[in-house]
Structures are given as C-alpha cells and as structure tokens.
Amino acid sequence: ARREEEKPLLDEEQKRRIKEDESYHSEQQAVAAEQHRAQWEADVEVAKKLDKILADKDAILGAIKQRRAEELEAFRAAHLERAAEMKAQREADLIRERKRVYLERLRKAEADYRRREREEQEMREQEERREAETERRRKLDEQAERIRQREAEMDAKKMDERRSVLGSAGAPAPAAGAGGGGRWVPPNRREGGGGARPPSPPRGTGGRWGGDRGEEDPRGGGGGGGGSAGLRSR
C-alpha cells in the first residue's frame, strides 16, 4: 500500500527531473550555440585579418624582391665596372712594360751600334794612319833613292870631268889601291887623305845630304850643291 501511495510522487519526481534535464539541455545547447557563433565570428575576423596580412605580405614580398633585384643589378654593374677597370689597368701595365722593354732594347741596340761605330772609326783611323805612315815612308824611300841616284850621277860626272882634266894635263892615272879598282876617289874619301872628314848628314834624310829639307852638302864643291839644287828644282 505504501508503494501505491508513493507511485504518484515518484512519477511527479521523474517528470520534474526530466523537465529539469530538458531545460538544462536546452540551456546548454543555447550556450554552445552562442559559443560556437562567437568562435565563428572570431574566426571570420581572424580570416579577414589574415587576408589583409596576406595581401600586405604579397606587396611587401614584391617590394623586397624588387629591392633585392635592384641591389643585385647594382652589384653586378659595379662588379662589371670593377672588372673592366682592372682589365684596363692590366692592359695599361702590360703596354707600359712592353714599352719599357722596347725602349731598353732600343737603348741597348743604340749603345751597341755606337760602340761598333767607334770601334770601326778607330780601326779606320788606325788603318789611315798606317797607310799614311806607309806612304810617308815610301815617299822618303823614293826621295832617298832619287838623292842617291842623283849623287851617283854627280859622282860619275865629277869622275868624268876629273878624268878629262887629268887626261888633258897628261897626269898619270891614279893607282889602283888609292881609288879601289881603278875608280877615282875624292881626296877626302881616300885612306889616309889629308882632307878632313865631312860631318854626318842630318837624321831623317836617309843618310844623304839634301833630303826633304833641302840642306846643302858641307863636303864642298859645285857637285854637292848642284845635287841639292837639282833635287829642289825637280
């Protein structure tokens, strides 16, 4: 009987709990929906911000790429300019070195040419001096030979004149020992003659009087002077 009396109360309690559960579930569903909507709205705002950031990112990235491209182009141009300057400097150094070597070679060639020219000039001068000395000696020898021949002719002429004078006066012929083989010898040349010995001729005349300076023979007589005069007239 007690359970029969408690049954309506239990049913009411169960209904109340079911109602409370439904109310709690509805409230939780509303809270969840509100939270979900709030999260969605937040996500939408984040997405919008991300879209804006991405747009800015693309612009910034494009600006960075452009700036880096410009810097790269400037670096490349500077590098090319520097390389061109270094190449021009190397070429200038090479040309300067070639000029220096060429000028040094020219100076050496000129010095060798001048040295050879001086040596050839000295050889020519020595040869000319030798030829001049040879010619001078030849002329002196010819002059001495002419003087000797002239003196021989004058001696022969004197001997002929002496023979003619002695022959016309009837004088005996000179002894063989006095003149040497029948040849007439002047008194000053005879052995033991009374005449004084004449002085020696000057040097450089070939041992004869009347050389290239035209000195007169101090031995006297018209023959010696005539020989010098005849040489000077020739």
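**Salt bridges and patches along a helix**

Hi everyone, let's start with one residue: E127 is partly exposed, with a relative accessible area of 34%. On that scale, buried means under 20% relative accessible area, exposed means over 50%, and partly exposed is what falls in between, using a 1.4 Å probe and protein chains only.

A word on what you are looking at. This is a predicted model, where local features need pLDDT of at least 70, side-chain atom pairs count only at pLDDT 80 or more, and totals for chains, interfaces and linings use all residues. Residues are numbered from 1 along each chain as its sequence is written, and side-chain values use heavy atoms, leaving out hydrogens and water.

Now the overall picture. The chain has three helices and zero strands, and from the N terminus on the order is α-α-α. Helices (H or I, at least four residues) and strands (E, at least two) are DSSP runs, numbered from the N terminus. Helix α1 covers residues 2-169.

How much of the chain is buried? Of its 234 residues, 9% are. The accessible surface comes to about 19,900 Å², and carbon and sulfur atoms hold 52% of that. Those areas come from the Shrake-Rupley method with a 1.4 Å probe, and for residues only the protein chains shown count as cover.

Next, contacts, meaning heavy atoms within 4.5 Å. Among those with a separation of 6 or more, 41% join residues 24 or more positions apart.

Let's go back to E127 and its partner. Side chains of opposite charge can pair when their charged atoms come close. Here we call it a salt bridge when a side-chain nitrogen of Lys or Arg is within 4 Å of a carboxyl oxygen of Asp or Glu. By that rule, the count is 19. E127 pairs with R130 at 2.5 Å, N to O. Both sit in helix α1, three residues apart, about one turn of the helix. R130 is partly exposed too, at 46%.

Which residue does R115 pair with? Its partner is E119, at 3.2 Å from N to O. These two are four residues apart in helix α1, so about one helical turn separates them. R115 is partly exposed at 36%, and E119 is partly exposed at 37%.

R16 and E20 make another salt bridge, with their closest N and O atoms 2.5 Å apart. They also lie four residues apart in helix α1, about one turn. R16 is partly exposed at 37%, as is E20 at 42%. There is a wider group here as well: salt bridges link E13, R16, R17 and E20 in a network.

Finally, surface patches. They are made of residues with over 30% relative accessible area and no salt bridge, where like charges are joined within 9 Å and nonpolar side chains (Val, Leu, Ile, Met, Phe, Trp, Tyr) within 5 Å.

Which residues make the nonpolar patch of about 270 Å²? They are V46, L50 and I53. V46 is in helix α1 and is partly exposed at 45%.

There is also a negative patch, formed by E122, E125, E128 and E131. For charges, Lys and Arg count as positive and Asp and Glu as negative, while His and the chain ends are not counted. The place of a charge is NZ of Lys, CZ of Arg, CG of Asp or CD of Glu. E125 lies in helix α1, and at 33% relative accessibility E125 counts as partly exposed.

Thanks for listening!
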